[in-house]
Amino acid sequence: MRNFDITGMSCAACSARVEKAVGKLDGVSSCSVSLLTNSMAIEGTATDDEVIKAVTDAGYGAAVKGANKSERSKSDEDALVDRETPLLKKRLISSSAFLIILMYFGMGSMLGLPAIPFFERNYIGNAIVQMTLAMIIMFINRKFFISGFKGLVHKAPNMDTLVALGSGVSFLWSFVCLLLMTKHLTHEHMMMSLHMNLYFESAAMILTLITIGKTLEAYSKGRTTDALKGLMKMAPKTARVVKDGKEVEVDIESVQKGDIFVVRPGEAIPLDGHVLEGHTAVDESSLTGESIPVDKEVDSKIYSGTMNQSGFIKCVAERVGEDTTLSQIIKMVSDASATKAPIAKIADTVSGYFVPVVISIAVVTFIVWMALGESLSFAIARAVSVLVISCPCALGLATPVAIMVANGVGAKNGILFKTATSLETTGKSQIVILDKTGTITEGKPSVSSLVCADGISEEELLGLAYSLEKMSEHPLSNAVVEKAAEKGIKGFDVSDFSAVPGNGLKGVLDGKEIIGGSVKYIGSFVVLPEEIKKASDEASTKGETPIVFSYDGKIVGMISIADKIKGDSKEAIGELKNMGLRVVMLTGDNEKTARAIAAQAGIEEVVAGVLPDGKAEVVKRHMQEGKVAMVGDGINDAPALTIADIGIAIGAGSDIAIDAADVVLMKSSLKDVSGAIRLSRRCVTNIHENLFWAFFYNCIGIPLAAGCYIALFGWKLNPMFGAAAMSLSSFCVVTNALRLNLVKVHDARHDRKIKQNENRESKKENKMTEKTIKIDGMMCPHCEATVKKALEGIDGVAEATASHTAGTAIVKLTKSVDDALLKNAVEDKYYTVLGIN
């Protein structure tokens, strides 16, 4: 994605024009223009020169954002500096000062103010003063005329065109009246009548009121980027690098990967890396939103932009420049704000045609009132009112300001949406699929209990188990290794080591075979004592994984390994359910263990025995029943995260998972999943409110300005009040979007359930039939997953649940499936079908 700064845009019609012009270029696959940040993001093969030429030909300016890293970061910061508000304030103050004087001359007598004797009956002199003051105000606000008429020349009229035409027509009509007054110097009554038709004050008032609105809008728009500015300010500009044994303060851009740097108490950590020396507590709330400091010691990970609170640490840089976590967060938030949500397409389409249509309505209004016999002054007033009350900006700002604010709120709470589309879609999720390990559980298996065979001590069991498990990199093996290290157990050298995926490990120790694995796997080699079988069943019932060990053909014992559920998982899952979401747990564990973990977490629906490559298939199947949000943290979750409607990477998991996800959660808390959905829903609601206001305002305001309600209610609108209404419309939209800053993403008190299509689901379930297949040969969870995958590959099979302990597979069918087809699918995987019921 390439980014450009765009100049000269004043309203949604401008951004739509730029987007249309660049989108037509050959080689541009996507183009998104942000009126909020005056920037454009494009993807494709078109050259920068071609893009800039297209923008220039459309009547606007364009420049590539910083070409190198340091320039780009400065460019990003410069783009967020609010330069517009100070300039508008100066224009507003100057305009207001002259307008007060103008209003005194134009409307002082109506308000009962004392008249200046010289001008009391000097109508021409009074008119000339009004014209002069109006011209001064028009010059101060000349930008409206330059931009507006430039848009007309390029056949791309914008909001400034409407303002310029409204003010310009009022001024020209008043000037004509002034010329006519000079021809009726002896007719005081005629001069008074013409003087009453002067609109110099309206011409000036329109410009001043629009400037008030623009100033308020610019100030509010500046507030929407506060979160992004805050993130950028967190990034340190320098680092203390150790060179030749001395500390040297250098610019952050010059630090290289592998450099040693130091951080003192109270300083911000400048780079991502790990601690070499020292220990401290680090405030990581800037990244995770978690206010409790995190203890750091040797080998602990540290992140740029976090605050060192208590100790002196020496660290090594691992990620520098744009690769640091903070830089990636800033880029993610910035890019998300530059993209457009699907909901914005309606407003963008309307904005593209809005101004030409309004000008046409103004012309028709003028013609109709003249045809009805009204005076020229009356018809002009109605046409000018139509021009100045119409506001395309409210339509154009309705979505981007809400997206920008919501992204900022998310970033402050460690919730990062990659695009505006993901921000909109997350709240529409109906099914949340949670990977078990590392998402619901801590992802750190630990030994929970040891059961020793007769004559075997715990030290002997651990020593044999350690000797075998240290050869494997499996997480369960790591748990045994850590337990042995904790007890100070030393292992033995094992030869002829081999791993049987989904079953266990084998090797040779002192010329005798040593085996470790599942109950079924060990049972195929030796006879298991009843106490081991009983202990194994008890462990599975508690959600633990039992590993049985044998040595020289004899059982030596069993080690139970548990992966505890996170402290807030149950509460978080309860929140998801309360929001009307269907929660599904996905795991490769056997059915019994999976059900035990699910029960602890409060989940009823479990899909167990799923191999990594089968996760995407499970997600696909559930996507037929509703919008699916897949939550995972590992490399093996990436395919499922990619294929789901919304992929959520939790706990800043593996880089691959983050790349595949649409939403990245910086903390490992499952409560951030409900927080992301909650924020998305509030954002979409806010956008709906903004769009309703923008459409409602124009649908009511334009007919009122045109005089459509005069016959019914006697309502007619002065152009000055039309300009005031136009000014406030955009301000109201932006102010409403700023209310999102008040959203507490973890406050579940106001959650509302979304309506699921329960009737469709119940009908679908009623149509399903079940068949139970008796199977011989399944020995382990791997076998269960193989059978499950084979059966679910058959057209008509909605779901298959296999159990190696029961020796069955239960299939749910959406239509009639021949038994022979089911049998062949299983037996093709080298298992024996004993019968189908």
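**Exercise 1.** At what angle do helix α5 and helix α7 pack, and how far apart are their axes?

*Solution.* Start with the ground rules: this is a predicted model, where local features need pLDDT of at least 70, side-chain atom pairs count only at pLDDT 80 or more, and totals for chains, interfaces and linings use all residues. Residues are numbered from 1 along each chain as its sequence is written, and side-chain values use heavy atoms, leaving out hydrogens and water.

Step 1: α5 (residues 123–140) and α7 (residues 159–182) pack at about 155°, with axes 11 Å apart. Helices here are DSSP runs of H or I with at least four residues, strands are E runs of at least two, and both are numbered from the N terminus. Axes are lines fitted to C-alpha atoms, for helices over the stretch in contact, and angles run from 0 to 180 degrees between N-to-C directions.

Step 2: α5 is therefore roughly antiparallel to α7, a label for angles over 145 degrees.

**Exercise 2.** Find what surrounds Phe497 and say whether Phe497 is buried or partly exposed.

*Solution.* Step 1: locate Phe497 in strand β17 (residues 495–500).

Step 2: with a relative accessible area of 27%, Phe497 is partly exposed; buried means under 20%, exposed over 50%, and partly exposed in between (1.4 Å probe, protein chains only).

Step 3: leaving aside residues up to four places away in sequence, Phe497 touches Leu468, Met471, Ser472, Leu505, Lys506 and Gly507, where contact means heavy atoms within 4.5 Å.

Step 4: check Gly507, 10 residues from Phe497 along the chain; their C-alpha atoms are separated by 4.2 Å.

Technical notes. Parallel < 35°, antiparallel > 145°, perpendicular 65-115°, else oblique.
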